[in-house]
Amino acid sequence: MATLILHPGKEKSVLRRHPWLFSGAVAQLDGRARPGDTVDVVSHEGRPLGRAAWSPASQIRARIWSFDAAESIDHAFFKRRVAASVARRNALPELAGQQGLRLIHAESDGLPGVIADRYGDTVVLQLTTAGADKWRGAIADSLLKATGCARIYERSDVEVRKLEGLEAVTGWLRNAPLPPGGGGAGGEGEPLVIDENGVRMAVDIVGGHKTGFYLDQRENRRRVAELARGRRVLNCFCYTAGFSLQALAGGAREVVSVDSSGPALATAQRNLALNPQLDAARAIWREADVFAELRSLRAAGERFDLVILDPPKFANTAAHAERAARAYKDINLLGLQLLAPGGLLMTYSCSGGIGAELFARILAGAALDAGRNARIVQHLHGAADHPVDLAFPEGEYLKGLLLQVD
Ligand code: SAH
């Protein structure tokens with residue numbers, strides 16, 4: 001096994017159990033390693049620090065698998081880590097028994113580059129790093145064993161794989177289902193259906209965003225159901241209508257849903273049809289750019305009692321934070337202006353480059369310019385199956401605020 005030697009002092013973050021080693025921290029690689037191979041990590045003075053996956057193409061040159069320098073990184077290692085990750089979910093009452101559930105949340109579950117989401121008895125696996133890619137077989141077998149799930153679909157088609165020098169990999173990895181109609185679990189392109197907080201939702205594991213669904217918003221969608229009774233709701237960036245249908249389930253007077261994607265809105269309407277208990281007459285769909293639609297709603301003098309803003313990532317890195325900040329301010333300013341007296345704004349950022357404090361400051365600026373007094377009544381986060389390792393603050397990508405205006 002090759003040995004990765006750090007520059008003097010660069011062991012500090014590793015000793016705080018942060019799993020990333022940037023190129024600037026690496027003094028040299030002693031020996032030969034191919035992408036994804038396991039290497040020993042030592043300080044400049046030769047102190048053993050752990051074992052890591054080597055990613056020569058990436059600025060993050062290595063990611064630590066284990067902070068125990070004596071732990072073997074083998075099939076049994078992945079079996080242990082995967083089983084522990086699944087067991088953590090089973091131990092939390094709000095997660096146990098969920099049909100849609102994140103089973104492995106990468107670094108925060110001790111498995112950098114590994115995302116695994118469960119939809120019914122299908123697992124969708126997304127591998128984003130050279131190290132994770134190398135151990136696909138061990139991870140897949142461990143997932144089937146730990147969950148009792150029937151099959152695994154791989155969705156390793158995210159952009160970040162390019163930074164690792166990896167091609168996209170998609171398709172059935174374990175136990176492809178029978179053709180459509182025969183398997184009950186959906187063939188290629190035929191969506192699965194899960195129950196989330198009493199609402200049926202189609203999950204397109206082949207073509208949908210992420211692994212098919214935004215599982216991280218599960219608890220926040222439940223919160224919308226609690227808040228919606230009697231309210232007129234505006235759901236911006238609605239995707240497949242997760243928040244919209246929870247608002248209807250919670251007794252909203254009307255729900256206006258906006259998204260620029262025609263296919264997302266088509267799935268949204270199919271999802272509504274999957275739920276005959278909901279009053280479809282109260283749902284209004286708008287295929288539009290949110291930035292423009294908010295302006296035309298304002299021009300038309302429309303008012304809402306609950307506005308939801310869950311945009312896509314505006315900033316991929318800290319370098320884009322400034323432009324992203326302007327975009328967040330713009331939609332939030334408009335959203336606040338559309339609120340009726342006493343109305344609620346539920347607003348999110350999933351940009352890694354925008355921290356929670358900055359997000360709150362952006363909102364303060366938006367409220368000032370909107371001429372509305374607003375107070376934070378709740379801080380919102382990803383659900384408990386998207387934990388954040390304390391040593392890895394980068395894991396806290398989703399932050400939200402529930403604001404109440406005068
Ligand atoms: N709230 C959703 C997830 C939102 S994903 C849920 O809980 O499932 C972000 C959505 O924003 C995508 O559906 C994308 O099509 C849409 N989108 C991106 N830019 C947009 C824009 N400028 N105007 C309208 N929709 C946009």
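## Exercises on a predicted three-domain model

The chain of this predicted model is divided into domain 1 (3-66), domain 2 (75-193) and domain 3 (214-405).

### Exercise 1. The contact between domain 1 and domain 2

Determine how much area domain 1 and domain 2 bury between them, and which residues of domain 1 lose the most area.

*Solution.*

Step 1. Begin with the placement of the two domains: the C-alpha centres of domain 1 and domain 2 lie 27 Å apart. Across the boundary, 16 residues of domain 1 are in contact with 16 residues of domain 2.

Step 2. The size of an interface is often expressed as the accessible area lost when the parts come together. For domain 1 and domain 2 this buried area is about 1,100 Å², with 59% of it on carbon and sulfur atoms.

Step 3. On the side of domain 1, the greatest losses to domain 2 fall on Gly36, Arg63 and Trp65, which together make up 52% of what that side buries.

### Exercise 2. Polar pairing and the make-up of the domain 1 side

State how many salt bridges join domain 1 and domain 2, and identify the strand that gives the most residues to the domain 1 side.

*Solution.*

Step 1. Side chains of opposite charge can pair when their charged atoms come close. Between domain 1 and domain 2 the count is three salt bridges.

Step 2. The side chains of Arg63 and Glu164 form a salt bridge, at 2.9 Å from N to O.

Step 3. Six residue pairs are in polar contact between domain 1 and domain 2. Strand 5 (48-54) and strand 6 (60-66) each supply at least two residues of the domain 1 side that touches domain 2. Strand 6 gives the most, with four residues.

Step 4. Sorted by class, this side of domain 1 comprises eight nonpolar, five polar and three charged residues.

### Exercise 3. A salt bridge across the sequence

Explain which parts of the chain the salt bridge between Asp121 and Arg151 ties together.

*Solution.*

Step 1. The structure holds 31 salt bridges. In one of them, the side chains of Asp121 and Arg151 meet at 3.1 Å, N to O.

Step 2. Asp121 lies in the loop between strand 8 (114-119) and strand 9 (122-127), and Arg151 lies in strand 10 (residues 151-156); the pair therefore ties together parts that are 30 residues apart in sequence.

### Exercise 4. The surroundings of the ligand

Identify the residues that come nearest to the ligand, and describe the polar approaches of Arg221, Val290 and Ser260.

*Solution.*

Step 1. There are 16 residues around the ligand, of which Arg221, Asp259, Asp289, Val290 and Asp310 come nearest.

Step 2. Arg221 places a polar side-chain atom 2.8 Å from an oxygen atom of the ligand.

Step 3. Backbone atoms approach nitrogen of the ligand in two cases: a backbone N or O atom of Val290 lies 2.9 Å from a ligand nitrogen atom, and a polar backbone atom of Ser260 lies 3.1 Å from a ligand nitrogen atom.

Conventions
Residues are numbered from 1 along each chain as its sequence is written. This is a predicted model: local features need pLDDT of at least 70, side-chain atom pairs count only at pLDDT 80 or more; totals for chains, interfaces and linings use all residues. Side-chain values use heavy atoms; hydrogens and water are left out. Domain bounds come from an automatic or database domain assignment. Contact means heavy atoms within 4.5 Å. Buried area is the accessible area (1.4 Å probe) that two parts lose on being put together, summed over both. A salt bridge is a side-chain nitrogen of Lys or Arg within 4 Å of a carboxyl oxygen of Asp or Glu. A polar contact is a pair of N or O atoms within 3.5 Å; within protein, one must be able to donate a hydrogen and the other to accept it, and residues adjacent in sequence count only if both atoms are side-chain atoms. Ala, Val, Leu, Ile, Met, Phe, Trp, Tyr, Cys and Pro count as nonpolar, Asp, Glu, Lys and Arg as charged, and the others, Gly among them, as polar. A residue is near a molecule or strand if one of its heavy atoms lies within 4 Å of it.
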